[in-house]
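Load the model in your viewer and keep the selection box handy. We'll go stop by stop, picking something to select and then looking at what is there.

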Amino acid sequence: QVQLVESGGGLVQPGGSLRLSCAASGSFFRIYTMGWYRQAPGKQRELVASITTTDSTNYADSVKGRFTISRDNAKNTVYLQMNSLKPEDTAVYYCHVIRVGGSWGQGTQVTVSS
């Protein structure tokens, strides 16, 4: 089973940018569809973006045009580039192997505030 570790979160002002990274262990990272989810306090965890083994991507309507998901299979890493950040983007962001019983990372906090 893949182990995931997120990094790159922090405090940023509205309109700013942040790049999240998810480093995966194991030898089979390239065969999985990967996703970034987020969860704000008192809210349901929601899918933000996903990327398949053939680099097909999907985005939540709320982030479309602002966020970009990508992967580097040679480095066993998936990224989330976040631009034009808004206060409503504030949440803990999680990396996930999108399959039944897929692994979750520990999460990284993103706070968008003045």
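**Stop one: the aromatic cluster**

Select Tyr37, Tyr94 and Trp104: together they make up one aromatic cluster. Bear in mind throughout that you're looking at a predicted model.

How many aromatic pairs are there to find? The count is 2. Take tyrosine 37 and tryptophan 104 to begin with: they meet edge-to-face, with 5.0 Å centre to centre and 65° between the planes. This pair links distant parts of the chain, 67 residues apart: tyrosine 37 belongs to strand 4 (residues 34-39), while tryptophan 104 is in the loop between strand 9 and strand 10 (108-112). Is each partner buried or exposed? Tyrosine 37 is buried, at a relative accessible area of 15%, and tryptophan 104 is partly exposed, at 36%.

Now swap tyrosine 37 for tyrosine 94. Tyrosine 94 and tryptophan 104 are edge-to-face as well, with 6.3 Å between centres and 85° between planes. Tyrosine 94 sits in strand 9 and tryptophan 104 in the loop between strand 9 and strand 10, so this pair ties together parts 10 residues apart in sequence. Tyrosine 94 is buried, with a relative accessible area of 13%.

**Stop two: charges over rings**

Leave tryptophan 104 on screen and add arginine 45. What does arginine 45 do there? It lies over the face of tryptophan 104, at 4.6 Å from the ring centre.

Next, jump to phenylalanine 29 and arginine 71. Here the charged end of arginine 71 sits over the phenylalanine 29 ring, 4.7 Å from its centre.

**Stop three: the nonpolar core**

Select Met34, Trp36, Val78, Leu80, Met82 and Tyr93. These have the most contacts inside the largest nonpolar core, which has 28 residues. Which elements give two or more residues to this core? Colour strand 3, strand 4, strand 5 (46-51), strand 7, strand 8, strand 9 and strand 10.

Zoom in on leucine 80 and show its surroundings. Leaving aside residues up to four places away in sequence, leucine 80 touches Leu18, Arg19, Leu20, Trp36, Val48, Ala49, Phe67, Thr68, Ile69 and Tyr93.

**Stop four: an open sheet**

Switch to cartoon view and pick out strands 1, 3, 8 and 7. In that order, 1-3-8-7, they form an open sheet of 4 strands with antiparallel pairing. Strand 1 (4-7) and strand 7 are the edges, each pairing on one side only. Turn the sheet and look for the twist, which averages 15° from one strand to the next.

Now go to the strand 1 side. Strand 1 and strand 3 (residues 18-24) run antiparallel and are joined by 4 bridges. For one place to click, try glutamate 6, whose bridge partner in strand 3 is cysteine 22.

**Stop five: two positive phi values**

Finish with a pair of loop residues. Which loop holds asparagine 76? Look between strand 7 (67-72) and strand 8 (77-82). The phi of asparagine 76 is near 50°, a positive value in a residue other than glycine. Asparagine 76 is also buried, with a relative accessible area of 18%.

Then move along to serine 84, in the loop between strand 8 and strand 9 (91-97). Serine 84 has a phi near 50° too, again positive in a residue other than glycine. Buried or partly exposed? Serine 84 is partly exposed, its relative accessible area being 42%.

Notes:
Residues numbered from 1 in each chain as written. Predicted model: local features only at pLDDT ≥ 70, side-chain atom pairs only at ≥ 80, totals over all residues. Heavy atoms only, no water. Buried < 20%, exposed > 50% of the residue type's maximum accessible area, 1.4 Å probe, protein only. Pairing = 2+ DSSP bridges. Axes fitted to C-alpha atoms, helices over the stretch in contact; angles between N-to-C directions. Phe/Tyr/Trp six-rings, centres within 6.5 Å; stacked < 30°, edge-to-face > 60°. Lys NZ or Arg CZ within 6 Å of the ring centre and 35° of its normal. Core = buried A, V, L, I, M, F, W, Y, C linked by side-chain atoms within 4.5 Å. Contact = heavy atoms within 4.5 Å.
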